[in-house]
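Trainee: I would like a close look at a single part of this model. Please take one residue and its surroundings, then work outwards from there.

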Amino acid sequence: MKKRILVTGGEGFIGSHLIDRLISIGFDTASFDAHLNFIDNHRYFNRCFKLRKKHLKVSSKIYRGDIRNKESIQRVVADFSPEVVVHLAALPMARVSEKYHHDMRTINLDGTLNVLEVFEQSQARKIIYTSSSMAYGHFKQTPIAENNLLTPENLYGATKAAGEYFVKLSKKDWVIIRPTSVYGFTDCSNRVTQLLIDTAILKKPAWIIKGEILDFSYIDDVVDGFIKCITLPQAIGQTFNISKGEGRAVSEFAKLVKVYFPKFSYQIRKADNHQVWRGSLDISKAKRILGFTPKYRIEEGIQKILELIKEYNFYKGLN
Ligand SMILES: NC(=O)c1ccc[n+]([C@@H]2O[C@H](COP(=O)([O-])OP(=O)(O)OC[C@H]3O[C@@H](n4cnc5c(N)ncnc54)[C@H](O)[C@@H]3O)[C@@H](O)[C@H]2O)c1
């Protein structure tokens, strides 16, 4: 019998790619997702969501529900009876902390506690919790390793760090993953990578922050990391940075986009007070314990995204 995996936030960017991969390697999957949108561009969001859902519908169960409602998680867990829960559902954008303060607290804190409580009472053996590099706050060093103190600089980072402490209280098996700057096709959270490609295609104004360095992590590599954490027994009870492990300037990313769209231009702005200065994650622990080997540099990642955009004619009618 196939192993059953429940993914909260399974219709989201990372969740949908993860489910696709889990299915391809023989798992039974279910998504639990509330279909929430915190970006202003609804047409873009709906197109992404439709595309992901179309993919998932073929071979995954899809449950609609909100993790803030414990009974609805209980119903799904009773119906699907997962062995592993991957918890991705969150309000995942630091920048909207102020605008969606209440949602950030109730989804990322109360919602996570609900998921954990239902998991604890269920037959499921293992939970994978998705934290973030934002839990570190400003990087005290780069690359930054897992054993650095968590000193988040914003509400989002603080909720992610809190979730880590909640998960560690579990009496069952847990794994914590800290991804960063994940990019790929069907991301629609207005992250810099998506915005740069969007604005280049739609010929709109773009800007980047002076001096910003990020550890751009291609979605397929990040999914590899999740799969290892789900399947390998040595992952249990451990926290892993999962990223490319290489800091690159955002200006480099922008210049690479410009190679494909020579007329693309962007402004360089000074950082505001909300800026969290990051860099590269140290992924030597994931390499050593899990054999994690991310493959994609941004040169290949951008090319792949543009190929998929073409294949799906993604921007037709969008402006
Ligand atoms: N993408 C990144 O660069 C990145 C980096 C670090 C950490 N993460 C973490 O990875 C996870 C997934 O991120 P993503 O980029 O796929 O985001 P996403 O917004 O694409 O996906 C999140 C999904 O969760 C769902 N959701 C939100 N609130 C919910 C609720 N109350 N109940 C049920 N479902 C709800 C949304 O509808 C969405 O489909 C998040 O926990 C995020 O904090 C992402």
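Mentor: What follows starts at Arg178 and moves on to its partners, the ligand and a few backbone details. Keep in mind that this is a predicted model.

Find Arg178 in strand β6, which covers residues 173-179. Is Arg178 buried or exposed? Its relative accessibility is 3%. Buried means under 20%, so Arg178 counts as buried.

Now look at the side chain of Arg178. What does it reach? One polar contact goes to the side chain of Glu164, at 2.8 Å. Another goes to the side chain of Tyr136, also given as 2.8 Å. The side chain of Arg178 also reaches a backbone atom, the oxygen of Glu146, at 3.2 Å.

Widen the view. Leaving out residues up to four places away in sequence, Arg178 touches Ser131, Ser132, Tyr136, Glu146, Leu150, Glu164, Thr239, Phe240, Asn241, Ile242 and Leu281. Take Phe240 from that list. Along the sequence, Arg178 and Phe240 are 62 residues apart. In space, their C-alpha atoms are 6.0 Å apart.

Step across to Glu164. This residue sits in helix α5, which runs over residues 155-168. The relative accessible area of Glu164 is 1%. That is under the 20% limit, so Glu164 is buried. Glu164 touches Tyr129, Ser131, Ala135, Leu150, Ile176, Arg178 and Thr239, again not counting residues up to four places away in sequence. Compare the two lists. Ser131, Leu150 and Thr239 appear in both.

Helix α5 also leads us to the ligand. An oxygen atom of the ligand is 2.6 Å from an N or O atom in the side chain of Asp33. Another pairing involves a polar backbone atom of His35, 3.3 Å from an oxygen atom of the ligand. Arg191 offers a polar side-chain atom, 3.2 Å from an oxygen atom of the ligand. How much of the ligand does the protein bury? Taken alone, the ligand exposes 820 Å², and the protein buries 96% of that. The elements that give two or more residues to the shell are α1, α2 and α5. Around the ligand there are 30 residues, and Asp33, Asp66, Leu88, Tyr156 and Lys160 come nearest. Sorted by class, the shell has 14 nonpolar, nine polar and seven charged residues.

Follow the shell to helix α1. This helix has twelve residues, 13-24. Its first and last C-alpha atoms are 17 Å apart, close to the 16 Å expected. Phe13, Ile14, Gly15, Ser16, His17, Leu18, Ile19 and Leu22 are its buried residues. What covers them? The cover includes β1, β2, α2, β4, β7 and α7. After α1 comes Gly26, with a positive phi near 100 degrees.

Next, visit the loop between β5 and α5, where Pro143 lies. The peptide bond from Thr142 to Pro143 is cis, with omega near 5 degrees. Most residues other than glycine have a negative phi, and most peptide bonds are trans. Which residue touches both Thr142 and Pro143? Ser280 does, and its other contacts include Phe139, Ile144 and Asp215. Ser280 lies in the loop between β13 and α9. Its relative accessible area is 7%, so Ser280 falls under the 20% limit and is buried.

Two more residues have a phi worth checking. Ser81 has a positive phi of about 45 degrees, although it is not a glycine. Look for Ser81 in the loop between α3 and β4. At 30% relative accessibility, Ser81 counts as partly exposed. Asn313 is not a glycine either, and its positive phi is about 50 degrees. Asn313 is found in the segment after α10. With a relative accessible area of 46%, Asn313 is partly exposed.

Finish with Pro262, in the loop between α8 and β13. Pro262 has 60% relative accessibility. That is over 50%, so Pro262 counts as exposed. Pro262 and Ala200 are 62 residues apart along the chain, and their C-alpha atoms are separated by 9.0 Å.

How values were computed. Residues are numbered from 1 along each chain as its sequence is written. This is a predicted model: local features need pLDDT of at least 70, side-chain atom pairs count only at pLDDT 80 or more; totals for chains, interfaces and linings use all residues. Side-chain values use heavy atoms; hydrogens and water are left out. Helices (H or I, at least four residues) and strands (E, at least two) are DSSP runs, numbered from the N terminus. The expected span of a helix is 1.5 Å times one less than its number of residues. Buried means under 20% relative accessible area, exposed over 50%, partly exposed in between (1.4 Å probe, protein chains only). Contact means heavy atoms within 4.5 Å. A residue is near a molecule or strand if one of its heavy atoms lies within 4 Å of it. A polar contact is a pair of N or O atoms within 3.5 Å; within protein, one must be able to donate a hydrogen and the other to accept it, and residues adjacent in sequence count only if both atoms are side-chain atoms. Accessible areas come from the Shrake-Rupley method with a 1.4 Å probe; for residues, only the protein chains shown count as cover. Ala, Val, Leu, Ile, Met, Phe, Trp, Tyr, Cys and Pro count as nonpolar, Asp, Glu, Lys and Arg as charged, and the others, Gly among them, as polar.
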